[in-house]
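Q: I have a model open in front of me and would like to learn how to read it. Where should I begin?

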Amino acid sequence: MAWFLLFLAGLFEIGWAVGLKYTDGFTRLTPTVFTVISMVISIALLGLAVKTLPMGTAYAVWTGIGTVGTVLLGIWLLGDPATVVRLLCIGLIVAGIAGLKFVA
């Protein structure tokens with residue numbers, strides 16, 4: 001269950017990271033509200049997950065999910081460049097997340 005909560009926390013991290021782009025410096029109310037709600041949910045779920053999982057592992061996986069998801073959504077939604085080097089680096093992050101889960 002802790003891994004599932006951690007995965008959800010990572011998804012909400014993606015939500016707030018991408019949401020920051022749409023807040024326009026926190027000047028747009030609706031995107032700002034959704035971004036802040038996503039931040040709170042993400043941190044709360046991380047807090048629940050670390051009751052069972054090692055802190056370092058949970059934090060690394062949480063940030064890894066957020067990083068990979070944010071980069072991929074940036075490519076898909078915002079037109080960020082999808083270079084071979086960027087995609088290889090994302091692959092390394094995914095391998096690190098899988099490795100941490102395997103040894104935890």
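**Reading the model step by step**

Q: Let us begin with one residue. Which residues is Thr32 in contact with, leaving aside its neighbours within four places in sequence?
A: Contacts with residues further along the chain show what a residue packs against. Thr32 is in contact with Thr23, Phe26 and Thr27, once neighbours within four places in sequence are left aside. Thr32 itself is in helix H2, and it counts as buried because its relative accessible area is 15%, below the 20% cut-off.

Q: Phe26 is one of those contacts. Where is Phe26 found?
A: Phe26 belongs to the loop between H1 and H2. Its relative accessibility is 47%, so Phe26 counts as partly exposed.

Q: What is the phi of Phe26 near?
A: The sign of phi is worth checking in loops. Phi of Phe26 is near 65°, a positive value in a residue other than glycine. Asp24 also has a positive phi, of about 55°, although it is not a glycine. Asp24 is placed in the loop between H1 and H2.

Q: Is Asp24 buried or exposed?
A: Asp24 counts as exposed because its relative accessibility is 53%, and the cut-off for exposed is over 50%.

Q: How far can I trust what I see?
A: This is a predicted model, and confidence should be checked before detail. Where pLDDT is low, the predicted coordinates should not be read in detail. Here the protein averages a pLDDT of 94, and 100% of the residues score at least 70. Among the elements, H2 has the highest mean pLDDT, 97, and H4 the lowest, 91.

Q: How many helices and strands are there in the protein?
A: Counting the elements gives the outline. The protein has four helices and zero strands, and its pattern along the sequence is α-α-α-α. The C-alpha trace spans about 40 × 35 × 15 Å along its principal axes.

Q: What can be said of the surface and the contacts of the whole protein?
A: Totals come before details. Of the 104 residues, 31% count as buried. The accessible surface comes to about 6300 Å², and 77% of it belongs to carbon and sulfur atoms. Among contacts with a separation of 6 or more, 66% join residues 24 or more positions apart.

Q: How many residues has helix H3, and how far does it reach?
A: A helix can be checked by comparing its reach with the expected one. H3 covers residues 55-78, which is 24 residues, and it reaches 32 Å from its first C-alpha to its last, close to the 34 Å expected. Just after H3, Gly79 takes a positive phi of about 75°.

Q: Which residues of H3 are buried?
A: The general idea concerns the helix turn. An α-helix has 3.6 residues a turn, so residues three or four places apart point the same way. In H3, the buried residues include Ala58, Val61, Trp62, Ile65, Val68 and Val71, with several glycines among the others, including Gly64 and Gly69. The cover over the buried residues of H3 includes helices H1 (2-23), H2 (29-49) and H4 (84-103).

Q: What of a residue in H3 that is not buried?
A: Thr67 lies in H3, and at 35% relative accessibility it counts as partly exposed. Its C-alpha atom is separated by 8.6 Å from that of Glu13, which is 54 residues away along the chain.

Q: Which residues touch the most other members of the largest nonpolar core?
A: In soluble globular proteins, nonpolar side chains tend to be buried together. The largest nonpolar core here has 15 residues, and Leu6, Leu46 and Leu53 touch the most other members. H1, H2 and H3 are the elements that give two or more residues to this core. H1 gives the most, with six residues. Not counting residues up to four places away in sequence, Leu53 touches Ala2, Trp3, Leu6 and Ala58.

Q: Is Ser42 buried or exposed?
A: A polar residue can be examined in the same steps: place, accessibility, partners. Ser42 is found in helix H2 and counts as buried because its relative accessibility is 0%. A polar atom of its side chain lies 2.9 Å from the backbone oxygen of Ala9. Leaving aside neighbours within four places in sequence, Ser42 is in contact with Ala9, Phe12, Glu13, Trp16 and Trp62.

Terms used: Residues numbered from 1 in each chain as written. Predicted model: local features only at pLDDT ≥ 70, side-chain atom pairs only at ≥ 80, totals over all residues. Heavy atoms only, no water. Buried < 20%, exposed > 50% of the residue type's maximum accessible area, 1.4 Å probe, protein only. Contact = heavy atoms within 4.5 Å. Areas by Shrake-Rupley, 256 points an atom, 1.4 Å probe, with all protein chains shown as cover. Expected span 1.5 Å × (residues − 1). Core = buried A, V, L, I, M, F, W, Y, C linked by side-chain atoms within 4.5 Å. Polar contact = N/O pair within 3.5 Å; in protein donor to acceptor, adjacent residues only side chain to side chain. pLDDT = per-residue confidence, 0-100.
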